[in-house]
Amino acid sequence: MADNILEIKDLYTQYETDEDTVYAVNGLSLELEKGKTLGLVGETGAGKTTTCLSILRLLPPKIGFVKKGSIMFDGIDILKLSEEKMRGIRGSDISMIFQDPMSALNPVYTVGQQIAEVLHYHNSKYKTNDEIQARVDEMLELVGIPASRKSEFPHQFSGGMKQRVVIAMALACDPKLLLADEPTTALDVTIQAQVLKMMNDLKEHLSTAMILVTHDLGIVAETCDFVAVMYAGSVIEKGTVEDIFTKGVHHPYTKGLFDSIPNLKVKTRRLNPIDGLMPDPANLPKGCPFNPRCPHCMDICRQEIPADIEKDGHMIKCHLYKEEDL
Amino acid sequence: MAEYMKAIEEAAEPKRRSQIGAIWFRFRKNKLALMGLIIFVTLGLVALTAPLYLDFEKDVIEQTISQRFKGPSAEHFFGTDQFGRDIFKRIIWGARTSMFVGMGIVAVSMTGGIIFGSLAGYYDGSVLDNVLMRLCDMFLAIPGTLLAIALVSVSGNNIPNLILALGVSTMPKMARLVRASVLSIKNQEYIEAARSCGTSDRRIIISEILPNAIGPIIVEATLSVARGIISIASMSFIGLGIQPPNPEWGAMLSEAKVQMINHPYLVVAPGIAIVLTVMSLTLIGDGLRDALDPKMKN
Amino acid sequence: MYKFIIKRLLMLIPVLLGISFILYSIMSLTPGDAATLMLGDSANEQAILKLREELGLNGGFFENYIRYIGNIILHGDFGISYRTRNPVFTEVLTRFHYTLRLAFTAILISTVFGVLFGIIAAVKQYSFTDNFITAVTLALTSMPDFWLGMMLIIIFAVTLKLLPISGATSWRHFILPGLTASANYMAYTIRQTRSSMLETIRMDYVRTARAKGVPEGKIVFGHTLKNALMPIVTLVGVNMGWQLGGTIIIEQIFGIPGLGSLLIMSIRLKDTPVIIASVMFVATLSSLINLGTDILYAFIDPRIKSLYQTKKKAVKTSG
C-alpha cells in the first residue's frame with residue numbers, strides 16, 4: 001500500500017445537545033499519501049469541518065464525540081492517545097487553519113509572539129530564544145511578510161495578510177499534515193489566488209501533506225492531487241483529480257455538482273441546481289442519504305446504505321454501479 | 001414560479017403567528033425562570049386578594065401593646081413587632097405597596113424612556129439626539145438614588161411624588177436602551193423599504209420599529225420593577241418613602257433597626273420578603289431575555 | 001492621545017454645569033426661605049433681608065445661579081451651610097475621607113473577589129461550583145444593601161461579637177460596611193466576568209491557540225483572560241463612581257460619619273448648599289473616574305491605542 005500519512009476508517013462523529021443528536025460524520029473512510037493534497041469537497045453541513053476537528057480531537061467538549069472508528073496518523077491511532085500527547089501533536093505534527101482570518105489571531109498579542117508561541121510549546125529543533133526568533137523571521141518571509149512587522153498587532157494587517165500569518169503559524173513546526181478548512185473562502189478572489197499559489201509553493205518546498213476543505217471545485221482542480229466528495233457525513237466518491245474531473249462514471253451527486261457549474265462557453269437560460277436541500281443532520285433519511293434528491297433513486301436506495309464500489313483507487317458509494325462499471 | 005412564492009409565504013406565516021408561542025415554549029423550558037414566574041404570580045395573587053381576608057384597620061395597623069415582641073407562633077406566623085402588630089399580615093399588605101409603586105415607577109420610566117429613546121435613536125446624530133443623550137449623561141452622572149432623594153425631599157413625601165421621582169431617575173437608563181435598540185433596527189432593510197414607500201416617520205417608529213424593539217424593553221422593564229422595589233425600600237428606610245403606619249417593607253426594616261440589638265428577629269422577615277420578590281422578578285427577566293434570544297448555547 | 005484626553009475633559013464641563021443647574025433648580029423649588037430657616041420665624045425682618053443679601057439669594061433665579069456658579073469656579077466657595085454656618089466646602093471635605101475609605105474597601109473586595117469568582121464560574125461552567133456561585137450572586141443582587149448590613153451586624157457583631165457594631169475608628173470598623181457595600185457590585189462583577197470569559201473562550205483565536213497545542217493553562221490565563229478582562233476594567237471604573245454615591249445608607253447603619261450621613265442630615269434639615277455641594281462633589285468625582293477608566297482602557301487595548309498613535313506608526317498594507 002502507498003505510504004499513507006493518514007488513514008481514517010469508518011469514522012462516526014456526533015454532536016449531542018439537550019434537544020437532539022446531530023449525526024455529522026457517518027462512516028467516513030479516507031486515506032492520504034505523504035506529501036500529497038486531498039481536496040475534501042462538499043456543501044455546507046456535509047461534515048467536512050467536523051472531520052478535521054475529529055482528526056485533531058478539537059470537537060467542542062461535552063457536545064462533540066467520536067463514537068466509532070479509527071484515525072491512524074503515521075501509524076499511530078491518535079484517537080487512543082492521551083490528551084497530553086495529543087496536544088504535543090497539535091501544531092507540530094498536524095496543524096489546522098480555519099476559515100475566517102479576521103478573528104483567528106488574538107488581538108492582544110503581536111504577530112511575532114503568536115508564531116513564537118507554537119514554537120515555544122513544542123520541542124522542535126528551535127529551542128533557544130534566538131533560534132525561535134530566527135525561525136519566526138524565516139516563516140514570515142516565507143509567506144511574504146517582512147520580518148520587521150513581527151512586533152505589530154493583528155489589527156494592523158489586512159485579511160489576506162492575516163491568513164498568511166495563520167499559515168506561517170501552522171507551518172512553523174514543519175508539520176507532516178496540514179488541515180486547511182476553507183482557507184480562502186473569506187478572501188477576495190485576487191487575494192485568494194495569491195494565497196493559494198503561496199500554499200502550493202510551500203507545499204512543494206516543505207513536502208507537507210494537506211487536506212484542503214472547500215466547496216469550490218475550481219480550487220480543487222488547481223491544487224489537489226486527490227479528491228473526496230462528502231455528502232451528509234460520508235464520502236460518496238473519491239479518487240485522483242483525473243478520476244473525478246474527467247467524464248465517466250460518477251456518483252449522481254458528483255454529477256449534479258459539476259452540472260450546476262455554469263458553462264462560460266455555452267449560452268444557457270437557466271441554471272441546473274440539484275433539486276432539494278441537504279438533509280438535516282439530526283434527521284437523516286433511511287438508506288442512502290442522497291435518495292430524496294437523486295434522479296436515479298431506486299427502491300433499494302431508500303432501504304440500505306450503499307457499499308463502496310472501488311476500482312484502481314476510484315471509489316463510488318452508490319447502488320447504481322458494480323465494480324466493472326468503473 | 002407562483003407556487004414557489006406561495007410556498008415561501010406559507011412557510012413564513014405560521015412562524016410569525018406562533019412567535020409568542022415559541023418564546024413561551026423556550027421560557028417554559030427554563031426551570032429557574034418558570035419557578036420565578038410561579039413565585040411571583042403567587043405573591044401577586046396573595047397581595048391582590050389581601051383586602052378579601054385582611055382588614056387594614058384591625059390586622060395591619062392596630063397596636064396591641066400586650067402582644068408586643070412575641071416570637072413566631074401558630075397565631076402569628078412571623079411573630080409580632082414592637083407595637084404588637086402581626087408581622088406576617090403586615091408583610092402581605094406591604095406586598096401591595098411594593099408591587100403597585102414598583103409598577104408605577106416602571107410605567108413612568110418606560111413612557112419617558114420609549115418616547116425619548118426612540119426619538120433619539122431614530123433621529124440619530126441630530127441635534128435632538130445629542131441634546132437628549134447629554135441630558136441622559138447628566139442624569140446618569142448622579143449616582144444611585146441621590147437624584148430621587150433630592151427630588152422627593154423637595155417635592156414632598158407622598159406616593160405620586162415617589163413614583164415620579166424614582167421613575168424620572170430610572171428613565172435615562174431605559175431611554176439609552178430604547179435608543180440602542182431603535183438604532184440597530186433602524187438600519188435594517190425593511191425600514192428603508194417602508195421609508196421609500198413614503199410612510200411617515202411617526203408611523204415607522206410606532207408600527208415598524210417599536211414592535212421589533214419590544215423584546216429587550218420588556219426584559220429591562222421586568223428587571224426595573226425588581227430594582228424599583230429595592231429603591232422604594234431604600235427610600236422608605238431613610239424616611240423619604242412610604243410613611244408609617246403603612247407597612248412598607250423598607251419602612252418596617254427602618255423600625256426594626258431601632259430594635260435590632262434586642263430583637264433581631266424583626267429584621268429577618270421583611271428582608272426575606274424583599275429578597276424573594278426581587279429574586280423571582282430577576283429570574284423572570286433573565287428567563288425572558290434568554291427566551292427572546294434564539295442563538296442559545298446550542 | 002492627548003487630544004483624546006482633552007476632548008473628553010472638555011465634554012465633561014457641560015455635563016457638570018448641567019448637573020449643577022439641575023440640582024440648583026430642584027433646590028430652589030424647596031418651599032421655605034433659607035434666611036428665614038436659619039434665623040427662625042420670629043427674626044427681625046431687616047436681619048432676614050441682610051442675610052439674604054449675604055447668602056446671595058436676592059435677585060432672580062438665573063442671577064442667583066450664575067452668582068453661585070461664579071463663586072464655585074472663582075473662589076471655590078460653595079456657600080455656607082444653613083445648619084452650621086460653616087463653609088460648605090470644609091464640611092464636605094472633612095467628611096469625605098471616611099466615605100472614601102469605605103468606598104475603597106468596597107471596591108477592593110468587589111473587584112478582587114468578583115473577578116476571581118467570575119473566572120472560577122466560567123472555567124467550571126455548569127458544574128456545581130458554577131451553579132452555587134450563580135445562586136449566591138442572584139441572592140446578593142436581590143437584597144437591599146441595608147438589609148444585608150443589618151443581617152451582618154446581627155450575625156457578626158451582636159451574636160458572634162467578632163466585629164464592632166458601629167463607628168469608624170479602626171480598620172476593623174470598615175470590614176462589615178465594606179462587605180455590605182461591595183455585595184451588590186461584587187455580584188454584578190462576577191456575572192460580567194463570567195459571561196465575558198465564556199464569550200471570549202468561544203472566540204476563534206482561542207480555537208486557533210488550541211489547534212496550536214498550547215496548554216490549557218496558558219489558554220485560560222494568557223489568551224482568554226487578557227481579552228476578557230478588558231471590558232471588566234470599564235466596569236470597575238463605573239463601579240467606583242457609583243460606589244461613592246451608593247454608600248449613603250450604609251454609612252447611616254454603621255454610624256460612619258461620611259458624606260452619606262451628612263447628606264441625609266442635610267436633606268432632613270433642608271440645608272440646600274450642603275446637599276448640592278455633596279451631590280456635585282460625588283458626581284464630579286465619578287465623572288472624572290469614568291474618564292480615567294476610558295483613558296486606561298485606551299492604553300490597554302492595542303486596537304484602540306493604535307487609533308491614537310501618529311500616522312507614521314499605524315500603516316496598513318494590503319495583500
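Start by selecting residues 13-17 of chain B: pLDDT, the predictor's confidence in each residue on a scale from 0 to 100, stays under 50 there. For this stretch the model has zero contacts beyond four places in sequence, a contact being two residues whose C-beta atoms, placed from the backbone, lie within 7 Å. Where pLDDT is low, the predicted coordinates should not be read in detail. This is a predicted model, in which local features need pLDDT of at least 70 and side-chain atom pairs count only at pLDDT 80 or more, while totals for chains, interfaces and linings use all residues. Residues are numbered from 1 along each chain as its sequence is written, and chains are lettered from A and ligands numbered from 1 in the order in which they are written.

**Chain B as a whole**

Now widen the selection to chain B. Its mean pLDDT is 81, with 90% of its residues at 70 or more. You should find 13 helices and zero strands; helices (H or I, at least four residues) and strands (E, at least two) are DSSP runs, numbered from the N terminus. Along the principal axes, the C-alpha atoms of chain B fill a box of roughly 85 × 45 × 35 Å. Colour by burial and 45% of the 298 residues of chain B come up as buried. Here buried takes 20 or more other C-beta atoms within 10 Å of a residue's own, exposed takes 12 or fewer, and partly exposed is in between, with C-beta atoms placed from the backbone. Of the contacts in chain B between residues at least 6 apart in sequence, 67% join residues at least 24 apart.

**Where B meets C**

Next, show chains B and C together. The contact takes 30 residues from chain B and 38 residues from chain C. On the chain B side, helix 7 (127-141), helix 8 (146-155), helix 11 (201-237), helix 12 (249-258) and helix 13 (265-292) each supply at least two residues. Which helix of chain B gives the most to the side that touches chain C? That's helix 13, with seven residues. By class, the chain B side has 22 nonpolar, five polar and three charged residues. For that split, Ala, Val, Leu, Ile, Met, Phe, Trp, Tyr, Cys and Pro are nonpolar, Asp, Glu, Lys and Arg are charged, and the others, Gly among them, are polar.

**Chain C and its helix 6**

Hide chain B for a moment. Chain C has 14 helices and zero strands, and 39% of its 319 residues count as buried. Among its contacts between residues at least 6 apart in sequence, 71% join residues at least 24 apart.

Zoom in on helix 6 of chain C, residues 128-142. Its 15 residues reach 21 Å from first C-alpha to last, close to the 21 Å expected at 1.5 Å a residue (1.5 Å times one less than the number of residues). Select its buried residues: C:Ile133, C:Thr137, C:Thr141 and C:Ser142. They sit on the same side of helix 6 of chain C because they cover an arc of only 165° around the axis, taken from the directions from the helix axis to the C-beta atoms. An α-helix has 3.6 residues a turn, so residues three or four places apart point the same way. Turn to the face away from that buried side and you meet the exposed residues C:Phe128, C:Phe132 and C:Ala135. Bring chain B back, too: the buried residues of this helix pack against helix 13 of chain B, together with helix 5 (88-123) and helix 8 (175-201) of chain C.

**Over to chain A**

Colour chain A by domain, with bounds from an automatic or database domain assignment: domain 1 is 4-93 + 176-274, and domain 2 is 101-174. Their centres, taken over C-alpha atoms, are 25 Å apart. Across the boundary, 15 residues of domain 1 of chain A are in contact with 16 residues of domain 2 of chain A. Helix 6 of chain A (residues 189-206) provides the largest share of the domain 1 side, seven residues. That side has ten nonpolar, five polar and no charged residues.

Two single residues finish the tour. Pick A:Met230, in strand 9 (residues 226-231) of chain A. Is A:Met230 buried or exposed? With 25 other C-beta atoms within 10 Å, A:Met230 is buried. Not counting residues up to four places away in sequence, the residues A:Met230 touches include A:Leu40, A:Val41 and A:Ala46. A:Ala46 is 184 residues away along the chain, yet the two C-alpha atoms are separated by 6.0 Å.

Then jump to A:Glu19, in the loop between strand 1 (4-16) and strand 2 (21-33) of chain A. A:Glu19 counts as exposed because it has 10 C-beta neighbours inside 10 Å.
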